[in-house]
Each structure stands twice: as C-alpha cells, then as structure tokens.
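Please open the structure in your viewer and keep the sequence panel beside it, since this tour moves from one selection to the next. At each stop, make the selection first and then read what is there.

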Amino acid sequence: MKRGLPLALLAACSSSPTEPSVHVVVRAEVGSQISLAQSQIEPTSALVGMRSAADQIDLQIRAGTPTVSVKTPGACPLEIAVADAPAKATVKPWLSVAGGDLAQIGFDTPFSVTLTPGCREALTAKVEWKQTGGDPIELITENNGFVVRGRTRPLDAAVPWGIVPLSPRTRGEVELTATSAGHTLKVRVSAAARASGLPSLALSQRVLLGGAGWRVKDHAKGGKAEITQHGPLGAFQPDARGRWVLADGDGRELSLVVGTHTDTLLDCGRSDCHAGAAGAAQGTRMTQVFERGLRGQIPRYDVACALPCHTAGEPGLPDGGFTQVARELGLSGHFTTGPEAWNELPRPLRRLGGVTCTACHGPGAIPEPAARWAVLRSDVCATCHDAPPRYGHVQAWSATRMARADRDDRARKTEGCRGCHTTAGFLAKIGVRKDAGPPTPDLQLGIGCAACHAPHGEHLDRALLRARPAGKLPDSARVSRVCIECHAATTTLLFEHDAPGAHAAVPKGCVGCHAGEAGRGKNHGFQVDRARCGRGCHAEGVPKADASIPQRIEVALSKLGLKRDAAQPLHARELAKVADPKRRRALELLQLLAADPAAASHDAKRARALLGEAEGLLGIE
Amino acid sequence: MQVARALLFAGCLVACSRDEARPRFELGVRRMAVPAPADVGRACSDVADTRVCWGPGPTDVRRVERAGRPQSERGWRCAGQGKDQRCEDRRFASDAFTCNDAQCTQRHPRMPDDGEWECADLDGVVVCRGWAQAAGVVQAPPDLGWYCGARAGTQHERVCVDLAPDRPPHEPWNCSFSHESEGAPRLCQRGGAGPLGRECAGGCPFGSVCAADRCLPLEPAPGCWIDKDCGAGQKCAHGSCREVPR
C-alpha cells in the first residue's frame with residue numbers, strides 16, 4: 001500500500017480541479033489541539049483538489065472513489081466513505097479528557113481525570129500516566145489507565161485579608177502526561193485559578209478569601225452565588241457579570257467587578273483618556289510577545305505552552321480569554337507559526353493575543369477608583385512571573401528587604417516614609433502617580449515590581465525598567481538610576497557625595513554588583529555576585545570588607561547614647577536635638593554611615609574618612 | 001532557503017508523478033486570486049449573493065455575473081475588481097452561525113479591523129462606527145471587503161460599510177447586532193424582506209435603486225452614522241449621505 005503524502009507537500013502541487021468531484025470538509029475536533037498539517041491522505045490518486053489549514057482541510061475527492069483515509073499524528077484514523085460522503089468529517093483525538101473543571105479543583109482536594117477514547121483502537125490500548133510537572137503527588141490509575149485519581153496539595157501561600165493572590169507557583173498545579181500506543185496527552189490539574197488580588201474577577205473564577213465571616217452583601221444583577229467554605233477560608237465563585245459587594249464578619253466590605261476579557265472594551269487609548277499609556281504599551285514585549293512568537297520571530301516558541309501567560313485569560317475557565325474564544329470560533333486550538341500566522345488569526349483572538357490591558361487590569365472592567373491601588377501589588381505580576389524555574393522574578397524578590405519595606409506600620413502610614421517604603425508612595429514621590437494610599441492600610445506590598453518597571457511609562461529597555469533622569473550616575477549605569485531615588489543621600493554612602501566612588505562606575509551601576517543569582521528572573525534577589533567582582537577590577541582577589549568599621553560605628557554611636565537596631569534604623573527614630581555643634585555633626589555622619597549596612601564595601605575609603613571625622617569630633621582615640 | 005525550495009520542488013515532482021492520474025491541488029490557504037471577468041465600470045462589489053458594478057456615471061448601477069468560486073462551507077468574501085479580485089474563505093475571520101428554526105446567532109461577528117466598533121444591520125448591509133484603536137493589541141491588516149471613511153463632524157471616528165456580510169443560509173433573515181449581550185453578537189431572526197440584492201417587488205429602500213429587477217445599493221461613500229452627520233437635504237443611508245428626493 002502506498003504511503004500517503006503529508007499535506008504540506010500536497011499543497012505545493014498546484015492546479016485547479018476540473019473533474020467531477022465530491023467536496024468534503026475534514027475538521028479537527030474543537031479544542032483538541034490537533035494539527036492537520038501533517039495529515040496523510042490515501043489514496044492520493046483520489047484527490048482532485050485541496051485547500052488546507054491547521055484545523056480544516058477542504059478536499060475535492062474524485063467522484064466514484066470508494067473511501068479515503070486521513071491519518072493524523074495524535075489522532076484516530078479517519079475513514080471517509082465517499083459514495084455517501086458526509087459534507088463534514090471530524091478528526092478526533094486519540095484520547096481526550098471527559099468534561100469536568102480541572103482548573104480550580106480546590107486545595108487538598110481529591111480529583112479524578114477520566115479519558116475518552118476517540119476510536120475503538122484507542123479503547124483497547126493501555127494508558128500509562130506520569131506526573132511531568134508540579135510538586136509530586138500520588139497517583140492511582142484505574143480502568144486500564146482511563147481513570148487517574150489524585151489529591152491536590154494543601155495551600156502554601158500567604159493569606160492576606162480579602163482575595164488570596166495565587167500564582168503559577170502557589171496555585172497547586174500539576175501536569176500529568178498520559179501515554180497510549182505512542183500517543184501522548186498532557187493534562188493540567190490545578191487546585192485554583194490564578195488570582196492577582198485585584199478586585200476584578202472573571203465570571204466563574206473561584207477566589208479564596210482571607211478573613212472571617214464572609215457573606216455576599218450585594219449580588220450583581222441575576223447573580224445567585226454565595227460564599228462557601230474552603231477549609232478555614234471563604235470561597236467565592238461569581239455567576240453573573242457586574243458589581244458584587246462582599247462583607248466580612250466585622251462588616252468590612254470588598255467591592256468586586258466581575259466580567260470577561262471579551263466584554264471589556266480596549267479603547268483605553270482614546271484621546272481623552274490614557275492615550276500616553278496606551279501608546280507606550282503598544283511597543284512593549286508584553287504586547288508583542290505572542291505576535292512575535294506566532295510569526296516565528298522567537299526561536300523554539302511553543303505556542304501551547306505560551307497560552308496561559310502570553311494571551312489573556314485562564315485556560316479552562318469560561319472567562320472570555322483566548323482559549324475559550326478559540327473554542328467558540330470552532331478552532332482545534334493548535335496554532336502554527338509563520339510570517340503570516342498573526343495576520344491570519346481571527347480578529348477576536350488577536351485582541352486577546354498578548355499580555356493585554358485586561359491581563360493586569362481586568363479581566364472585567366477596571367476596578368472602581370478606590371481599588372485601583374491594587375494593580376500595584378506584585379501579585380499582579382506574579383500571575384506569570386512567579387513560575388519557577390521558568391520565571392523566578394517574584395520568588396527571588398520576595399526574599400529581599402524590598403518586599404518587606406513596609407512591614408512597619410509607620411513606614412506605610414507616615415508621609416515622609418511612604419516615598420521609599422511603599423510602591424504607591426514611591427511612584428508619587430517621583431511624580432508618576434497620585435498617592436491616595438491603599439484603602440486597606442494593613443496590607444503590606446513592599447517596594448514592588450511597579451516601582452522599578454514601567455509597563456506603560458517611559459522605560460529604558462525590553463525589561464521595561466523605569467527611566468529616570470541622569471543624576472550623578474554615568475550613562476553606563478543608567479539602569480540603576482531608579483535605585484538611587486531611594487538608595488542615595490541618606491541611605492547609601494556610595495552616592496552621597498559629589499564625586500561618586502569607584503563603584504559608581506561599575507557597568508550597570510547597582511545591579512552590576514547586586515546581580516543576584518543567574519537564571520530567568522532569579523536576579524531579582526539582588527544579592528552581591530562576588531564572582532563578578534573577581535572577573536572585573538578585583539581580579540587579584542576580592543578584598544574583604546573592613547570589619548572594624550561597623551564596630552567603630554557602634555562605639556561612636558554609644559558616645560551619643562545610641563545603639564544600632566535593625567528593626568528601628570536611625571533614620572526612622574525621633575532623636576533628641578543635639579545642641580553641641582560638634583556632636584550634632586558627628587551624629588549626621590554616623591546616621592549616614594549607619595544607614596548603609598554595606599558602607600564598608602560600597603566605599604571603604606570614604607567610610608573610614610567620615611568615621612574618622614566623627615570619632616575626632618566625639619573625642620574617640 | 002534556496003536549498004529548501006529545491007527540495008520542496010523535487011519532492012513535489014516525485015509526489016505528483018507517483019500516480020498515473022496526478023492529483024491537482026490548489027495553492028493558497030486563506031486568500032486567493034479569483035478573477036471576475038464580467039466586471040465593468042469604476043468599481044464592483046458583492047452585494048449579498050449578487051455582483052454589482054458602479055459607473056462610469058455617478059448614478060450608474062448594474063448587476064453583472066459573478067465569477068465561479070471554489071467550494072467552501074461558508075462561502076467566500078471578495079474585494080477588488082476584474083482580474084484583481086481577491087477572495088477569502090469566510091471561516092477565517094468569524095465564527096459560523098449556530099441556528100435553531102427561528103433564530104441564528106453569530107457569537108463573534110466580523111468587524112472592519114482590530115479596533116473598537118459599534119455596528120448596525122440595515123437592509124442586509126452592515127454599517128459600523130469605530131472610535132478607537134484597541135490598546136495593547138498588535139494591529140493586523142483590516143478585514144477584506146469593507147468600504148471605510150471618516151465620520152463627518154468628528155475628529156477620530158470612522159464609518160465602515162460591508163455590503164456582503166456573513167449571513168445564515170436559506171434567506172430570508174432579518175439580522176441585527178445585540179449590543180445588550182456580551183460581545184455584541186449578531187442575531188438573525190427568520191423572516192424580513194431579505195438583504196439588498198433582492199428582487200425589487202415591494203420597493204427598494206432609500207439609498208438603493210432598482211436595476212435588472214434587483215434592489216442594488218448606490219456606490220458607497222462612507223461618512224455618516226446618523227442623519228445628523230449629513231448636510232441639509234441629505235439623509236444617511238447605509239453609512240453614506242444621500243440626497244433626499246424632493
């Protein structure tokens with residue numbers, strides 16, 4: 001028997017049909033992710049003409065041909081009886097998941113995945129299961145492997161008041177792979193959908209609620225959903241679009257907007273609104289990443305893998321996101337890459353193809369003004385950038401002091417402190433946003449992603465690093481200009497004086513040394529990479545910091561009746577006025593030295609000079 | 001690249017010569033050239049399932065024969081005239097109607113481009129008003145087959161007209177856009193007079209003329225959404241300002 005020809009090759013043979021023929025449409029099952037591009041059709045002599053795309057082939061079959069078969073990788077073979085040819089025939093996947101919502105099963109909750117065979121051959125083949133992603137769980141298979149059972153892991157995430165933010169790392173997701181007769185099927189099972197913490201939810205997105213005694217105070221029009229309990233937490237899954245108001249046991253309210261990605265207009269850039277922001281966002285990698293990937297401009301781009309983060313929406317939820325709309329359009333969900341692939345995407349999908357406005361501000365309409373501060377949460381970025389090992393940004397950042405910058409009540413609430421201890425305060429300090437302060441003042445957000453990155457503001461590079469005026473840093477260190485808005489003057493010895501020390505000339509400035517760990521996003525831990533120092537100016541060996549400096553600072557401070565306390569730094573204390581001018585000057589110098597824990601490393605020579613001056617003023621030998 | 005082409009060509013030769021009766025295949029996946037030899041005048045367009053040409057005079061409207069097109073489940077959508085006509089399978093830009101006996105729904109109707117649009121269906125002609133580009137979306141070329149112009153009296157708005165929109169099979173249907181529903185789907189109810197291009201019996205609506213026993217639209221000059229957009233003595237018909245006969 002002759003082997004059929006791949007469609008790509010067949011399509012290259014060009015002519016037009018002239019013989020009597022039957023028109024048959026062969027389609028890949030909706031949502032199956034089957035590509036018909038590699039289908040083989042037999043016998044080729046029966047084909048008079050053909051037009052093909054990834055999920056549909058139009059065949060002109062020579063009249064009188066008894067049967068034509070279509071063989072497709074990952075799919076059941078299809079036999080078409082041409083004599084009584086149906087107008088349409090569907091290529092079914094070898095295996096598919098039978099119904100059920102696997103995107104938000106619940107934490108520490110049993111689940112089962114049942115497979116449906118696409119054909120008799122698939123029914124008789126044994127199915128093997130393997131966990132291929134996520135923290136390990138125990139799996140039990142039944143019915144020749146057509147059913148697999150497991151239990152999601154318990155919640156392992158911080159639980160603030162209100163919506164509990166969940167990222168790819170904390171949503172309790174596992175990837176299971178079923179193998180049968182050489183065919184594989186990947187199934188993702190998640191305890192919960194991702195949640196940004198923003199009070200804008202997708203229809204049917206279940207969120208967990210930190211706090212106690214939650215109830216629905218006001219339902220959206222037509223909505224009937226109520227709070228349910230999920231272990232010690234409340235859970236809410238809206239069943240209608242519109243505004244909902246929840247209240248906790250103390251009567252504290254949480255106003256939610258519920259909608260879908262397709263509902264929400266994208267006219268943010270109209271002339272009387274956010275034209276500047278929309279224009280700036282247009283050229284960013286976040287906007288363009290999916291388009292570039294589809295066009296084949298990103299090497300080894302895996303479209304299926306990219307969908308959850310490079311398009312709008314949560315796969316598996318009816319949230320008007322990319323994968324749901326692809327199903328509504330009757331597509332298989334397999335997308336081929338190529339120079340014209342973006343232009344050939346249907347318009348409704350292009351509007352969802354990218355990290356769109358609604359990916360961060362939505363999915364429903366943008367929240368009411370009182371809640372707009374919430375978009376500054378790093379939890380918003382974490383819905384994609386907290387997915388180690390691929391994206392380690394938020395996990396690395398979480399371990400830094402920046403993430404805890406506002407843990408002290410006064411740092412959050414005192415106007416003079418907010419500028420360098422809160423993201424909202426910092427953005428107000430540098431004049432890019434008004435600081436109304438969060439309506440939930442207990443919530444600790446730290447100095448988050450939005451302080452240093454400007455997704456739709458003036459930015460320096462493809463990492464969207466916020467652009468700031470040149471100041472004292474050389475151009476080689478311009479990426480660190482945003483750092484010295486706070487890490488200068490009163491807090492960092494390095495930049496206090498007019499002639500920056502040798503370290504200021506390090507290429508990239510602060511992050512030239514505070515480069516963190518290697519790996520995507522892991523550099524957001526900002527630890528000093530001493531190996532780098534050894535490769536640069538300190539090839540002869542990285543000098544140890546002068547350990548005597550911190551001790552001498554302690555001694556000098558004690559002369560003023562003060563003591564260093566990490567929990568209460570000098571710049572946060574209300575110090576008594578010092579009348580004596582010498583002691584006052586000494587205190588100023590010591591405040592500067594004490595504020596920079598790395599003073600001895602940043603500029604040891606200057607630290608010693610300043611310390612010597614202070615010691616002299618205090619009469620220390 | 002040249003090597004790849006050579007391999008493909010060689011493969012094609014082998015593939016095509018393998019069988020005695022060589023299969024014939026069509027190039028082109030989405031858009032293809034479909035010459036329209038009967039086209040005459042200044043401009044031509046499909047109007048529902050009819051082919052219309054305009055010109056040379058400003059009010060000359062005539063029906064011409066429509067060139068054959070390859071078989072397709074949902075039909076073809078074409079633009080251009082004569083040998084420059086290009087056609088696209090309708091399935092690539094919108095979804096199919098889902099129907100019951102009395103009503104069909106198209107969840108994602110076609111729009112002129114990726115921007116924000118509000119549309120209305122008048123006599124089977126879709127007229128859309130656009131007011132903004134979609135923020136955060138990489139723009140692709142506009143949809144095939146729309147006539148577009150600036151909306152009179154506005155700074156940024158546009159008006160686009162589609163004389164051959166998607167329609168369910170087996171006319172007549174009376175279609176509209178449901179702006180009350182999520183995503184403004186297109187709803188078609190069984191009944192009505194049928195779209196422009198229908199027979200003239202019963203009269204032709206304002207903005208169309210009876211030619212060759214069919215109600216055919218005047219050549220589109222999009223620029224209005226409502227009558228107020230037009231000058232004195234004019235009304236808005238299918239997106240274009242037309243003189244009201246005295």
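## A hairpin in chain A

Begin by selecting H230(A) and L233(A), for H230(A) stands opposite L233(A), which belongs to strand 21 of chain A. Keep in mind, as you look, that this is a predicted model. Now widen the selection to strand 20, residues 228-230 of chain A, together with strand 21 of chain A, and you will find the two running antiparallel and joined by 3 bridges. Between these strands of the hairpin there are 2 residues, and G231(A) takes a positive phi near 60°.

Which residues of strand 21 of chain A lie on its covered face, and which on its uncovered one? Select residues 233-236 of chain A and colour them in two groups: G234(A) and F236(A) form the covered face, whereas L233(A) and A235(A) form the uncovered one.

Next add strand 18 of chain A, residues 207-210, which pairs with strand 21 of chain A in the antiparallel sense over 3 bridges. If you pick out V207(A) here, its bridge partner in strand 21 of chain A is F236(A), a residue that also belongs to the covered face of that strand.

## Chain A as a whole

Now zoom out and select the whole of chain A, whose secondary structure comes to 20 helices and 23 strands. Along its principal axes, the C-alpha trace of chain A spans about 110 × 60 × 55 Å. Chain A has 621 residues, of which 45% count as buried. Among the contacts in chain A with a separation of 6 or more, 62% are between residues 24 or more positions apart.

To divide the chain, colour it by the domain assignment, which gives these ranges:

- domain 1 (5-93), domain 2 (96-190) and domain 3 (200-259) of chain A;
- domain 4 (275-363), domain 5 (380-535) and domain 6 (548-618) of chain A.

Select domain 4 and domain 5 of chain A together, and note that their C-alpha centres lie 29 Å apart. Where they touch, domain 4 of chain A contributes 8 residues and domain 5 of chain A contributes 7 residues. Which helices should you highlight on the domain 4 side of chain A? Helix 3 (275-282) and helix 4 (285-294) of chain A each supply at least two residues of the side that touches domain 5 of chain A, and the largest share, 3 residues, comes from helix 3 of chain A. Sorted by class, this side of domain 4 of chain A has 6 nonpolar, 1 polar and 1 charged residues.

## A sheet and a loop in chain B

Move to chain B and select strands 7, 8, 14 and 13, which form an open sheet in the order 7-8-14-13 with antiparallel pairing. The edge strands of this sheet are strand 7 (98-99) and strand 13 (173-177) of chain B, each of which pairs on one side only. Strand 13 of chain B is joined by 5 bridges to strand 14 of chain B, residues 186-190, and within strand 14 of chain B you can find Q189(B) opposite N174(B).

Finally, follow the chain to A193(B), which sits in the loop between strand 14 and strand 15 (208-211) of chain B. Why does A193(B) count as partly exposed? The reason is that A193(B) has 18 C-beta neighbours inside 10 Å, whereas a residue is called buried at 20 or more. Leaving aside residues up to four places away in sequence, A193(B) touches P172(B), R198(B) and G202(B). As a last step, draw a C-alpha to C-alpha distance from A193(B) to A152(B): they are 41 residues apart in sequence and 30 Å apart in space.

Definitions and conventions. Residues numbered from 1 in each chain as written. Chains lettered and ligands numbered in written order. Predicted model: local features only at pLDDT ≥ 70, side-chain atom pairs only at ≥ 80, totals over all residues. Pairing = 2+ DSSP bridges. Helix = DSSP H or I, 4+ residues; strand = E, 2+ residues; numbered from the N terminus. Buried ≥ 20, exposed ≤ 12 C-beta atoms within 10 Å, placed from the backbone. Contact = placed C-beta atoms within 7 Å. Domains from an automatic or database assignment. Nonpolar A, V, L, I, M, F, W, Y, C, P; charged D, E, K, R; others polar.
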